[in-house]
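Subject: A structure for you to explore

Hi there,

Here is the structure I promised to pass on to you. Have a look at it first, and then read on for my notes.

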Amino acid sequence: HELKIIKRDGREVPFDPEKIRTAVSAANAEVSAKGRLDKSGISSLTASVTEKCEELGRSVTVEEVQDIIIGSLAENGDTELVLMAGEAIEFKAYRR
């Protein structure tokens, strides 16, 4: 079954991992060079988040995706990026 995301307005749309990559990349650009993920790290995080969403076996909400991203960053010890993600990642692309 195709993974879907539930937007804040209640609509279900196809899940697009590229939107995760874009949002994480934007937050990543705001942290110090020491705290940044490289392109491989962003790809790994995107794949991990997508897999965790798929494992739920149902549509996921924007908020759940945010929590999974922040949890994954925290597990990896990416403290500075966790703080930036918590403050800045709004997943505006999913709102439209």
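Let me start with a puzzle: with which residue does Glu 75 form a salt bridge, and how far apart are the closest N and O atoms? The partner is Lys 52, and the closest N and O atoms are 3.5 Å apart. Glu 75 belongs to helix 3 and Lys 52 to helix 2, so this pair ties together parts that are 23 residues apart in sequence. Glu 75 counts as exposed because its relative accessibility is 62%. Lys 52, at 26%, counts as partly exposed.

Before going further, please keep in mind that this is a predicted model.

**The overall layout**

The protein chain has 96 residues, of which 38% count as buried. You will find 5 helices and 3 strands in it. Starting at the N terminus, the order of the elements is β-β-α-α-β-α-α-α. If you take the contacts between residues at least 6 apart in sequence, 62% of them join residues at least 24 apart.

**Where helix 2 meets helix 3**

The salt bridge above is a good way into this part of the model. The axes of helix 2 and helix 3 come within 10 Å of each other, crossing at roughly 130 degrees. That angle makes helix 2 oblique to helix 3. The crossing is right-handed. On the helix 2 side, the contact is made by Leu 45, Ser 48, Val 49, Lys 52 and Cys 53. Helix 3 brings Val 65, Ile 68, Ile 69, Ser 72, Leu 73 and Glu 75 to the contact. Notice that Lys 52 and Glu 75, the two partners from the puzzle, are both in this list.

**The nonpolar core**

Now for the inside. In soluble globular proteins, nonpolar side chains tend to be buried together. In this model, the largest nonpolar core has 21 residues. Those with the most contacts inside this core are Phe 15, Val 49, Cys 53, Val 65 and Ile 69. Two or more residues each come from helix 1, helix 2 (39-55), helix 3 (62-75) and helix 4 (79-88). Helix 3 gives the most, with 5 residues. Some names may look familiar: Val 49, Cys 53, Val 65 and Ile 69 also take part in the contact of helix 2 with helix 3.

**Other salt bridges**

How many salt bridges does a search of the whole structure find? The total is 6. One of them joins the side chains of Glu 64 and Arg 58, at 2.8 Å from N to O. Glu 64 is partly exposed, with 23% relative accessibility, and Arg 58 is partly exposed too, with a relative accessible area of 37%. Another links Lys 4 with Glu 2, where the closest N and O atoms are 3.9 Å apart. Lys 4 has a relative accessibility of 26%, which is why Lys 4 counts as partly exposed.

**One residue to find yourself**

Finally, try locating Lys 19, which sits in helix 1 (residues 17-29). Is Lys 19 buried, exposed or partly exposed? Its relative accessibility is 28%, so Lys 19 counts as partly exposed. From there, look for Thr 46: the two are 27 residues apart in sequence, and their C-alpha atoms are 9.2 Å apart in space.

Enjoy exploring, and send me any questions you have.

Best wishes

Methods:
Residues are numbered from 1 along each chain as its sequence is written. This is a predicted model: local features need pLDDT of at least 70, side-chain atom pairs count only at pLDDT 80 or more; totals for chains, interfaces and linings use all residues. Side-chain values use heavy atoms; hydrogens and water are left out. Helices (H or I, at least four residues) and strands (E, at least two) are DSSP runs, numbered from the N terminus. Buried means under 20% relative accessible area, exposed over 50%, partly exposed in between (1.4 Å probe, protein chains only). A nonpolar core is a set of buried Ala, Val, Leu, Ile, Met, Phe, Trp, Tyr and Cys residues joined through side-chain atoms within 4.5 Å. A salt bridge is a side-chain nitrogen of Lys or Arg within 4 Å of a carboxyl oxygen of Asp or Glu. Axes are lines fitted to C-alpha atoms, for helices over the stretch in contact, and angles run from 0 to 180 degrees between N-to-C directions. Angles under 35 degrees count as roughly parallel, over 145 as roughly antiparallel, 65 to 115 as roughly perpendicular and the rest as oblique. A crossing is left-handed if the near helix is turned anticlockwise from the far one by less than a right angle, and right-handed if clockwise. Contact means heavy atoms within 4.5 Å.
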